[in-house]
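Student: I would like a close look at one loop of this model, followed by a connected account of the strand pairing and the charged side chains elsewhere in the chain. Please treat each residue together with its setting.

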Amino acid sequence: MAEIPALVEPDTQLRRSLIYRKLLELGARFTPVNGGAVAIDFGEDGEDEARLARRLAVSDLSPLPRTGFKGAGTIEWLQSQDVTVGADSNRGYRQAGGETALRLEPNGVFIIDSLAGAGGFIANLNAAWHWGSTSPRSLIGYPMPRADSHGWFAVSGEAAAWMFAKLCGVDLRPTKFAEGSIAQTSVAKMSAIILRQDFGQTLGFHLLADSASADYLWDCLQDAMIEFDGGPIGLAALRALG
C-alpha cells in the first residue's frame, strides 16, 4: 500500500465525521484530506486491511467533499459545466477525474468526490453556481449542501450484497444490481441512497444517509457484518483496491 500521509488528531481539522469518536475507539488513525480528518487506517498491517476490504468492510468517507443541485435547469447547467450526466435517473455517472454524479431524479443530482478527495471539481461547481446563471435555459434550481445533510460510508467486499440483505429489501447481488445502479431505499429502517460502484475488481457500494443518524447506521453495519467476519477499514485500504 502507498505510504501513509501525515497523521493528525481529528479535532485539529475544519471537518470531521460525526462518528469520529467511534472510529478513535476502534483504533483509527486520521490524515488530513482537503481540510477534513479522514480515517486512513486502523493501525493494521496494510495487507491485512486490504484483505478485509476484499472480504467485507466499511469505510467512513463522510469528511470528503460532496455537493448537489436540484430544480429546473439543473441538468442543462451541469452539462454546461462539463459534468457528464446521462438521461436516466437512478444512475451514477463517473467523471473523468473519478468523481461521480448521481442522478436521483429528472432534475436532481448528488455529486461525490473521488477517493483522492481533492475537492477541486466540486469546489468549482459550487463557485460557478449563482442565481441567474447563463445556461441553455434559465436556471431556477438551487444548490443542495450535501456535505452537511448526508453521511457517506463505502462498503466493499465479496460479501457486501449479502450483508446488505439483512438491512435492506433491495436485491443488491451483482447479477441483479448492475454497476452504476442507484437504489433510493430504506437501510436499517432509515432512508438512504445506495450506489453500486466497484473498487477495482472488488464489489463496492457507496451508502449516503442522514448525517444526524450516522452513529446509528454505523452500528447497524458493524452488527450486520459480524457473521461475515467484516469490519472497518481506512481510506488507504479502499484506495489500494484500485
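Tutor: In this predicted model, alanine 178 is found in the loop that runs between helix H6 (160-164) and strand S11 (182-187). Its relative accessible area is 40%, and alanine 178 is classed as partly exposed because this value falls between the limits of 20% and 50%. Glutamine 197 is 19 residues away from alanine 178 along the chain, and the C-alpha atoms of the two are 8.9 Å apart.

A second loop, between strand S6 (91-94) and strand S7 (100-105), holds glutamate 99. This residue is buried and takes part in no salt bridge. Arginine 94 carries the nearest side chain of opposite charge, at a distance of 8.6 Å; no salt bridge is assigned to the two because the criterion requires a side-chain nitrogen within 4 Å of a carboxyl oxygen. A polar atom of the glutamate 99 side chain does, however, lie 3.4 Å from the backbone nitrogen of glycine 97. When neighbours within four places in sequence are set aside, the contacts of glutamate 99 are Tyr93, Arg94, Ile112, Asp113, Ser114 and Phe121.

Turning to the strands, S3 (residues 36-41) is mostly covered, with six of its six residues buried. S3 pairs with strand S2 (residues 29-33) in the antiparallel sense, through five bridges, and in this pairing threonine 31 is placed opposite valine 38. The two strands make a hairpin with two residues between them. In that turn, asparagine 34 adopts a positive phi of about 50 degrees. S3 also pairs with strand S1 (residues 15-16), here in parallel and over two bridges. Arginine 16 faces alanine 37 of S3.

Strand S1 leads on to the charged side chains. Side chains of opposite charge can pair when their charged atoms come close. Eight salt bridges are found in a search of the whole structure. One of them joins arginine 15 to aspartate 148, with an N to O distance of 3.7 Å. Arginine 15 belongs to strand S1 and aspartate 148 to helix H5 (residues 146-149), so this pair links distant parts of the chain, 133 residues apart. Arginine 15 has a relative accessible area of 32% and is therefore partly exposed.

Another salt bridge brings together the side chains of lysine 22 and aspartate 219, at 3.2 Å from N to O. Because lysine 22 sits in helix H1 (residues 20-25) and aspartate 219 in helix H7 (residues 214-225), the pair ties together parts that are 197 residues apart in sequence. Lysine 22 counts as partly exposed at 23% relative accessibility, and aspartate 219 counts as partly exposed at 38%.

A third example is contained in one helix. Aspartate 48 and arginine 51 are both part of helix H2 (residues 46-55), with a separation of three residues, about one turn of the helix. Their side chains meet in a salt bridge with an N to O distance of 2.2 Å. Aspartate 48, at 37% relative accessibility, is partly exposed, as is arginine 51, at 44%.

Terms used. Residues numbered from 1 in each chain as written. Predicted model: local features only at pLDDT ≥ 70, side-chain atom pairs only at ≥ 80, totals over all residues. Heavy atoms only, no water. Buried < 20%, exposed > 50% of the residue type's maximum accessible area, 1.4 Å probe, protein only. Helix = DSSP H or I, 4+ residues; strand = E, 2+ residues; numbered from the N terminus. Pairing = 2+ DSSP bridges. Lys, Arg positive; Asp, Glu negative; His and termini not counted. Polar contact = N/O pair within 3.5 Å; in protein donor to acceptor, adjacent residues only side chain to side chain. Contact = heavy atoms within 4.5 Å.
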